[in-house]
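Let's take a friendly walk through this structure, one neighbourhood at a time. Keep the sequence and the 3D view open as you read.

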Amino acid sequence: RIILMSTDEGDVVLDPFAGLGSVGYIALQTGRKFIGIELKESYFNTAIANLEHAVIQTKQGRLL
């Protein structure tokens, strides 16, 4: 909700504690760009998978 309220399509959303990528997932699904920072490798790997899924869903025209 805060992404939609505080950004416009095409804006960049920065999440310095990206975790599993949920903020990035919504950012990508709603037409924003995303930069995430995560130190824990297992979280990073999961976030990459989640963000790739968001990109695929967006290209297919599906919004969750």
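## A tour of the fold

Glu9 sits in the loop that links α1 to β1. Bear in mind from here on that the model is a predicted one. Is Glu9 buried or exposed? With a relative accessibility of 66%, Glu9 counts as exposed, because the cut-off for that class is over 50%. Even so, Glu9 has contacts beyond its sequence neighbours: leaving aside residues up to four places away in sequence, Glu9 touches Thr30, Gly31 and Arg32. One of these partners, Gly31, follows helix α2 and has a positive phi, near 85°.

After this loop comes strand β1, which covers residues 12-15. In a regular strand, side chains alternate between the two faces of the sheet. Strand β1 shows that alternation: Val13 and Asp15 point to one face and are buried, whereas Val12 and Leu14 point to the other face and are not buried. Which strand does β1 pair with? The partner is β2, residues 33-36, which runs parallel to β1 and is joined to it by four bridges. Within this pairing, Val12 stands opposite Lys33 of β2.

Between the two strands comes a helix, and the three elements belong together: β1, helix α2 (residues 22-29) and β2 form a right-handed β-α-β unit.

Asp15, in strand β1, deserves a closer look. Asp15 is buried but has no salt bridge. Its nearest side chain of opposite charge belongs to Arg32, 14 Å away; a salt bridge would need the charged atoms to be within 4 Å. What does the side chain of Asp15 reach instead? It reaches the backbone nitrogen of Phe17, at 3.1 Å. Not counting residues up to four places away in sequence, Asp15 touches Val23, Phe34, Ile35, Gly36 and Ile37.

Now turn to helix α2. Its buried residues are Gly24, Tyr25, Ala27 and Gln29. Their cover includes α1 (2-6), β1, β2 and α3 (41-59). Gln29 of helix α2 has a relative accessible area of 7% and is therefore buried, as the limit for that class is under 20%. A polar atom of the Gln29 side chain lies 2.8 Å from the backbone oxygen of Ala54.

Leu20 belongs to the loop between β1 and α2. With a relative accessible area of 44%, Leu20 is partly exposed. Its contacts, not counting residues up to four places away in sequence, are Tyr43, Thr46, Ala47 and Asn50. Ser42, in helix α3, is also partly exposed, at 40% relative accessibility.

How do separations along the chain compare with separations in space? The table lists a few C-alpha pairs.

| C-alpha pair | Places apart along the chain | Distance in space |
|---|---|---|
| Glu9 and Gly19 | 10 residues | 23 Å |
| Ser42 and Gly19 | 23 residues | 9.2 Å |
| Leu20 and Ala49 | 29 residues | 9.0 Å |

Glu9 and Gly19 are 10 residues apart along the chain, and their C-alpha atoms are separated by 23 Å. For Ser42 and Gly19, 23 residues apart, the C-alpha separation is 9.2 Å. Leu20 and Ala49, 29 residues apart, have C-alpha atoms 9.0 Å from each other.

Key:
Residues are numbered from 1 along each chain as its sequence is written. This is a predicted model: local features need pLDDT of at least 70, side-chain atom pairs count only at pLDDT 80 or more; totals for chains, interfaces and linings use all residues. Side-chain values use heavy atoms; hydrogens and water are left out. Buried means under 20% relative accessible area, exposed over 50%, partly exposed in between (1.4 Å probe, protein chains only). Two strands pair if DSSP finds at least two bridges between them. A crossover is right-handed if, with the strands pointing away from the viewer, the path from the first strand over the helix to the second runs clockwise. Contact means heavy atoms within 4.5 Å. A polar contact is a pair of N or O atoms within 3.5 Å; within protein, one must be able to donate a hydrogen and the other to accept it, and residues adjacent in sequence count only if both atoms are side-chain atoms. Lys and Arg count as positive and Asp and Glu as negative; His and the chain ends are not counted.
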